[in-house]
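Student: I should like to request a close look at a single part of this chain, followed by an account of how other parts of the chain are arranged. Please take one residue as the starting point.

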Amino acid sequence: MRRTFTILTALAVLAAALCGCGGSQAKLQEAKTAENSGDHRKAANIYAALALELSPTYRLMEAQKGKVIPAPTWIAEAEKYIAWLTDAATPRDAAGFREALDGLTRSAKQFEADNTAHTAVSKNLDSLNAFAPQWNSAFNQPRDAGPDDWNAVIRRAHEKKFSVLRLSSPKNYVYEVSIVSRKNARRVNFTLFSESQIFAPLPPGDYSVIIRSTVEFQKGTTWTSDYTVFNVTMTEERALTAMDIKTKVARRE
């Protein structure tokens, strides 16, 4: 009987290690303890880090690379991006992922965020002619691609009712951005540099935009923000949504 119990315990530990559930539960408990004690900022940071850890990621390539990468490779990259976000795969720790995102949203409401966002009225992209330029801002059309080959990629994204989220940054600030699908936990991440824009095509769904900002001061010191989350929804009505990010530096010991 004791031997059977030992074997079952070992199998349970192995299963937890393989799915990462053991580590997830420990971090969730740490976040809940911080939240219950009123340290919502600490809780939000733990929840955010865990949500990102449980989200398989695709690093969005710089649009300019479309001008130098061979057309077949760039077309394959764009198709991979479409497939990545429309995959119906279930997260490996769906319960932990959901709990982390919900905890992040809940905790973030309890304190003033370092980063804020102003979202303008969306612009309709229902027609293919309106959608194509925005897609090409995310994935520059390769120079040596036949127009039919590249247009087929754009049509595929348009048929899947992709919208485009455009993020803009102010002077001096750099942002690490992750756009996480609340449905399948797939995320897209990228660096948004000072005074720049990133165009991220997204299929219909609910997303959590999780960001951290950094700024370098003249004395050589660097300040890094806590995590901030913006929850956005992309409807089946294709549109361009512009999000201008702002940051308030708040030194904390």
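Tutor: Let us begin with proline 70, which counts as partly exposed because its relative accessibility is 45%. The model is a predicted one. Proline 70 belongs to the loop that runs between β1 (57–59) and α4. Along the sequence, 73 residues separate proline 70 from arginine 143, yet in space the two C-alpha atoms are 8.5 Å apart.

That pairing across the sequence can be set beside the figures for the whole chain. Of the contacts between residues at least 6 apart in sequence, 75% join residues at least 24 apart. The chain has 253 residues, and 45% of them are buried. Its secondary structure consists of 7 helices and 11 strands.

The helix α4 (71–86), which borders the loop of proline 70, is also among the elements that cover the buried residues of α6. Helix α6 spans residues 128–138, and its buried residues are Phe131, Ala132, Gln134, Trp135, Asn136 and Ala138. Besides α4, the cover over these residues includes α7 (147–159) and the strands β4 (163–168), β7 (197–202) and β11 (239–247).

The packing of α6 with α7 can be described in further detail. Their axes are 10 Å apart and the angle between them is about 110°; the two helices are therefore roughly perpendicular to each other. On the α6 side, the residues that meet α7 are Leu128, Phe131, Ala132, Trp135 and Asn136. Their partners in α7 are Trp150, Val153, Ile154, Arg155, Ala157 and His158. Sorted by class, this contact comprises 8 nonpolar, 2 polar and 1 charged residues. Phe131, Ala132, Trp135 and Asn136 are listed among the buried residues of α6 and also take part in the contact with α7.

A second pair of helices is α3 (residues 40–53) and α5 (residues 94–108), whose axes come within 8 Å and cross at roughly 150°. Because of that angle, α3 is roughly antiparallel to α5. The crossing is left-handed. From α3, the contact draws on His40, Ala43, Ala44, Tyr47, Ala48, Leu50 and Ala51. From α5, it draws on Phe97, Glu99, Ala100, Leu101, Gly103, Leu104, Arg106, Ser107 and Ala108. The classes here are 11 nonpolar, 3 polar and 2 charged residues.

Helix α5 leads on to arginine 182, since Phe97 and Leu101, which α5 contributes to its contact with α3, are also in contact with arginine 182. This arginine is found in the loop between β5 (173–181) and β6 (187–192). Arginine 182 is buried, because its relative accessible area of 14% falls under the 20% cut-off. Its side chain makes a polar contact of 2.9 Å with that of aspartate 102. Beyond four places in sequence, the residues in contact with arginine 182 also include Arg98, Thr105, Asp206, Tyr207, Ser208 and Asn231.

The final residue to consider is threonine 214, in strand β8 (residues 205–216). Threonine 214 has a relative accessibility of 27% and so counts as partly exposed. Serine 225 is 11 residues away in sequence, with a C-alpha to C-alpha distance of 6.4 Å from threonine 214. Once neighbours within four places in sequence are left aside, threonine 214 is in contact with Asn172, Tyr173, Val174, Thr222, Trp223 and Thr224.

Notes. Residues are numbered from 1 along each chain as its sequence is written. This is a predicted model: local features need pLDDT of at least 70, side-chain atom pairs count only at pLDDT 80 or more; totals for chains, interfaces and linings use all residues. Side-chain values use heavy atoms; hydrogens and water are left out. Axes are lines fitted to C-alpha atoms, for helices over the stretch in contact, and angles run from 0 to 180 degrees between N-to-C directions. Helices (H or I, at least four residues) and strands (E, at least two) are DSSP runs, numbered from the N terminus. Angles under 35 degrees count as roughly parallel, over 145 as roughly antiparallel, 65 to 115 as roughly perpendicular and the rest as oblique. A crossing is left-handed if the near helix is turned anticlockwise from the far one by less than a right angle, and right-handed if clockwise. Contact means heavy atoms within 4.5 Å. Ala, Val, Leu, Ile, Met, Phe, Trp, Tyr, Cys and Pro count as nonpolar, Asp, Glu, Lys and Arg as charged, and the others, Gly among them, as polar. Buried means under 20% relative accessible area, exposed over 50%, partly exposed in between (1.4 Å probe, protein chains only). A polar contact is a pair of N or O atoms within 3.5 Å; within protein, one must be able to donate a hydrogen and the other to accept it, and residues adjacent in sequence count only if both atoms are side-chain atoms.
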